[in-house]
Amino acid sequence: MSTRATAGLPRDMETTTATEEELQAEARANEDDLLAGLLAAANYKADEDETVEIVINRNKKDLFSFRIHPLSEDDFNRCRKRCTKYVKSKTQGGIRVPEEVDTVKYRCMLIYEATVPEDRAKIWDNKKLWKAKDLATGVEAVDILLKAGEKNAICEKLDAISGYELTEEEVAKN
């Protein structure tokens, strides 16, 4: 058996004795809450509350909009690797080493990957657009549809929703 303080009173003033069954029931309830929180945290890519709408507005006219979701660190790394040119090192026994990252392609790839699937299909993977502009991929569509500053602003927003701009206080609060 364990002793617990009654709600609102200091421990030395009034105590009750909890049975083993009550303690196990409380532990199971806390475990279920923890599991629910863990599953919610792991579902950030599919969570509607985590998405952000991006509106492309030029000359005071909304041209199109799409939604982005947070990316995982693995997503960022995969995009970076696909946009990195490697060469064999002459000084390190022929080991492949990164030489240069195509930052334009990298930012376009991040935006493409972060776009929710429904919007990606309508905008970046729009076959009529591909045919009209002689494109082969959705990443190319991102590049021709967005200006450099727009890509930069979207990537900054993507960093923020992916947790790269959280302060310690925000992490503790969330």
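These exercises, each with a worked solution, walk through a predicted model of a single chain.

**Exercise 1. Getting oriented**

Find out how many helices and strands the chain has, and in what order the elements come.

*Solution.* Start with the count: the chain contains 8 helices and 6 strands. Next, read the order from the N terminus, which is β-β-α-β-β-α-β-β-α-α-α-α-α-α. Then look at burial: 26% of the 174 residues are buried. Finally, consider the contacts with a separation of 6 or more: 47% of them join residues 24 or more positions apart.

**Exercise 2. Where to read with care**

Decide which stretch has pLDDT under 50, and how its coordinates should be treated.

*Solution.* Begin with the chain as a whole: its mean pLDDT is 84, and 84% of the residues reach 70 or more. Now turn to residues 1–5, where pLDDT stays under 50. The model does give this stretch 19 contacts beyond four places in sequence. Still, predicted coordinates should not be read in detail where pLDDT is low.

**Exercise 3. Salt bridges across the chain**

Work out which parts of the chain are linked by the D119–R67 and R78–E113 salt bridges, and classify D119, R67 and R78 by accessibility.

*Solution.* The structure has 8 salt bridges in total. Take D119 and R67 to begin with: their side chains meet at 3.0 Å, N to O. D119 sits in helix α4 (residues 117–122) and R67 in strand β4 (residues 61–68), so this pair joins distant parts of the chain, 52 residues apart. As for accessibility, D119 has a relative accessible area of 5% and is therefore buried, the cut-off being under 20%. R67, at 23%, is partly exposed.

Now take R78 and E113, whose closest N and O atoms are 4.0 Å apart. Here R78 belongs to helix α2 (residues 73–82) and E113 to helix α3 (residues 103–114), with their positions 35 residues apart in sequence. R78 is partly exposed, at 33% relative accessibility.

To finish, see what surrounds the D119 pair: E48, R67, E118, D119 and K122 form a network of salt bridges.

**Exercise 4. One bridge, two environments**

Consider the salt bridge between D143 and K151, and say for each residue whether it is buried or partly exposed.

*Solution.* The N to O distance in this bridge is 2.5 Å. D143 has a relative accessible area of 33%, so it is partly exposed. K151 has a value of 6%, which means that K151 is buried.

**Exercise 5. Mapping the core**

Identify the elements that build the largest nonpolar core, then follow W124 and L158 into it.

*Solution.* This core has 29 residues, and F66, I68, I111, W124, I154 and L158 have the most contacts inside it. Two or more residues come from each of β3 (52–58), β4, α2, α3, α5 (127–133), α6 (138–145) and α7 (148–161). The largest share, 7 residues, is that of α3.

Follow W124 next. Beyond four places in sequence, its contacts include F64, F66, I111, Y112, D119, W130 and A141.

Then go to L158, in helix α7. Its relative accessibility is 1%, so L158 is buried. Among its contacts beyond four places in sequence are I68, P70, F76 and L110. L158 and I111 are 47 residues apart in sequence, yet their C-alpha atoms are 8.0 Å apart in space.

**Exercise 6. Two helices that pack**

Describe how α3 and α6 pack, and name the residues that make the contact.

*Solution.* The angle between the two helices is about 110 degrees, and their axes are 9 Å apart. Because angles of 65 to 115 degrees count as roughly perpendicular, that is the label for α3 and α6. On the α3 side, the contact uses V104, K105, C108, M109, I111 and Y112. On the α6 side, G138, V139, V142 and D143 take part.

**Exercise 7. Positive phi in a loop**

Examine the backbone of N59 and K60, and state where they lie.

*Solution.* Recall that most residues other than glycine have a negative phi. N59 has a positive phi of about 55 degrees, and phi of K60 is near 60 degrees. N59 is in the loop between β3 and β4, and K60 is in the loop between β3 and β4 as well. N59 is exposed, at 78% relative accessible area, and K60 is exposed, at 84%.

Notes: Residues numbered from 1 in each chain as written. Predicted model: local features only at pLDDT ≥ 70, side-chain atom pairs only at ≥ 80, totals over all residues. Heavy atoms only, no water. Helix = DSSP H or I, 4+ residues; strand = E, 2+ residues; numbered from the N terminus. Buried < 20%, exposed > 50% of the residue type's maximum accessible area, 1.4 Å probe, protein only. pLDDT = per-residue confidence, 0-100. Contact = heavy atoms within 4.5 Å. Core = buried A, V, L, I, M, F, W, Y, C linked by side-chain atoms within 4.5 Å. Axes fitted to C-alpha atoms, helices over the stretch in contact; angles between N-to-C directions. Parallel < 35°, antiparallel > 145°, perpendicular 65-115°, else oblique.
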